[in-house]
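Hello,

Here is the structure we talked about handing over. Please open it first, then read the notes below.

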Amino acid sequence: MRIRIATRNSALAIWQAEEVSRLLQLQHPGLSAELIKMTTTGDRLLHKSLATQGGKGLFVKELENGLLERQADIAVHSMKDVPVELPPALHLPVILKRDNPYDALVSRQYAALEALPAGAIIGTSSMRRACQVKATFPKLEIKLLRGNVSTRLAKLDRGDYDAILLAVAGLKRLGLMQRIRACMTADQMVPAIGQGAIGIECRRDDAQIESLIHPLNHMETQTCVLAERAVSQTLLGGCQLPIAGFAELDHERLRLRALVGDPEGRHICRSERTGHSKEPVQLGQQVAADLRLQGADKILAGLS
């Protein structure tokens, strides 16, 4: 049997698709896999902030169209890029075991955000990261940084930025852990919803493919990501907006923390709750309600 895997045509996305292919072939000896590489809208808009270009689905729309048009059987995504609303004919039944979910500071000379002098330039394309940096370090300057990981590192190395912020998982998957100067905790910077997790999307009517990929699902990760995504879904927020969410599971105890902030860090709404692992969506909705009471809707409305 052959399975066709839709993926973005970037080094990191291809690594993720190849990892899914490897795991599927371990589960199903004799299975062959073909990567269907696609360039997405988000990949083309390299000089603009994604939040100003609609945000939702900019890295997945073309892959989803490939599924709907039956050019591919599954699509592999970084979960932090996946909108909470999917086309009715598609779903995300499988989420792989999460890798490191945290953010990393990469710099040529500074080992921590605290070490950066006033006026230092931090590169990021993430409003989530920007609002948290500005809230704690208001004298640092945020400058837009787009492109794939190697492009971003090259811009840092030629001196365009004093430091940049990237996901630890992406650097790890590309064999670039040596570039990390500091790995931030969730107390220092709440991660993006779904960060570090890989999701597999497929058609709802394709029971054979769903059965094929089901062994790759990691229930603990799926539970955490469901809680995180419920925050964004309740707030009607896209993955390019300044919404952070991070859930941790300890046996049946699910802890969820989340925030919404304006990009300048002047107003940060925060919430943390614990609940039962069997009710991740309800927990996410409760946390979103807390954020709403603090003015999260007003912040997000001002950015839409």
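**What was found**

Start with S232: leaving out neighbours within four places in sequence, its contacts are V84, I193, G237, G238 and I243. Keep in mind that this is a predicted model. S232 sits in helix α8. Is S232 buried or exposed? It counts as buried, because its relative accessibility is 5% and the cut-off for buried is under 20%.

A second residue to look at is T223. It also belongs to helix α8, which covers residues 219-235. At 11% relative accessibility, T223 counts as buried. Residues up to four places away in sequence aside, T223 touches L254, S277 and P280.

**The chain as a whole**

Now step back. The protein chain holds 10 helices and 13 strands. Its C-alpha trace spans about 60 × 45 × 35 Å along the principal axes. Does the radius of gyration agree or disagree with that of a compact globule? It agrees: for 304 residues a compact globule would have a value near 19 Å, and the protein chain has 19 Å.

Of the 304 residues, 55% count as buried. The exposed area of the protein chain is about 13400 Å². Carbon and sulfur atoms supply 49% of that area. Next, the contacts with a separation of 6 or more. Residues 24 or more positions apart account for 70% of them.

**The sheet**

Next, find the open sheet of 5 strands. The order is β2-β1-β3-β10-β4, and the pairing is mixed. Which strands are at the edges? They are β2 and β4 (90-95), and each pairs on one side only. From one strand to the next, the twist averages 30°.

Strands of a sheet pair through backbone hydrogen bonds, either parallel or antiparallel. For β3 and β10 the sense is antiparallel, over 5 bridges. To see one bridge, select A75: its partner in β10 is E201. Helix α3 (residues 61-68) packs on the sheet. It touches β1, β2, β3, β4 and β10. The direction of α3 makes about 165° with that of β3.

**Helix α1**

Then turn to helix α1, residues 11-27. It has 17 residues. From first C-alpha to last it reaches 24 Å, close to the 24 Å expected at 1.5 Å a residue.

Which residues of α1 are buried? They are A13, I14, Q16, A17, E19, V20, S21 and L24. An α-helix has 3.6 residues a turn, so residues three or four places apart point the same way. What covers the buried residues of α1? The cover includes the strands β1 (2-8), β2 (32-38), β3 (74-78) and β10 (198-203). It also includes the helices α6 (168-173) and α7 (207-213).

R22 lies in α1 as well. Its relative accessible area is 41%, so R22 is partly exposed. R22 and A33 are 11 residues apart along the chain. Their C-alpha atoms are separated by 8.8 Å.

**Where to look**

For a quick tour, begin at S232 in helix α8. Move on to T223, also in α8. Then view the open sheet with its 5 strands, and α3 packed on it. End at α1 and R22 within it.

Best wishes

Notes: Residues numbered from 1 in each chain as written. Predicted model: local features only at pLDDT ≥ 70, side-chain atom pairs only at ≥ 80, totals over all residues. Heavy atoms only, no water. Helix = DSSP H or I, 4+ residues; strand = E, 2+ residues; numbered from the N terminus. Expected span 1.5 Å × (residues − 1). Buried < 20%, exposed > 50% of the residue type's maximum accessible area, 1.4 Å probe, protein only. Contact = heavy atoms within 4.5 Å. Pairing = 2+ DSSP bridges. Axes fitted to C-alpha atoms, helices over the stretch in contact; angles between N-to-C directions. Rg over C-alpha atoms; globule rule 2.2 N^0.38 Å. Areas by Shrake-Rupley, 256 points an atom, 1.4 Å probe, with all protein chains shown as cover.
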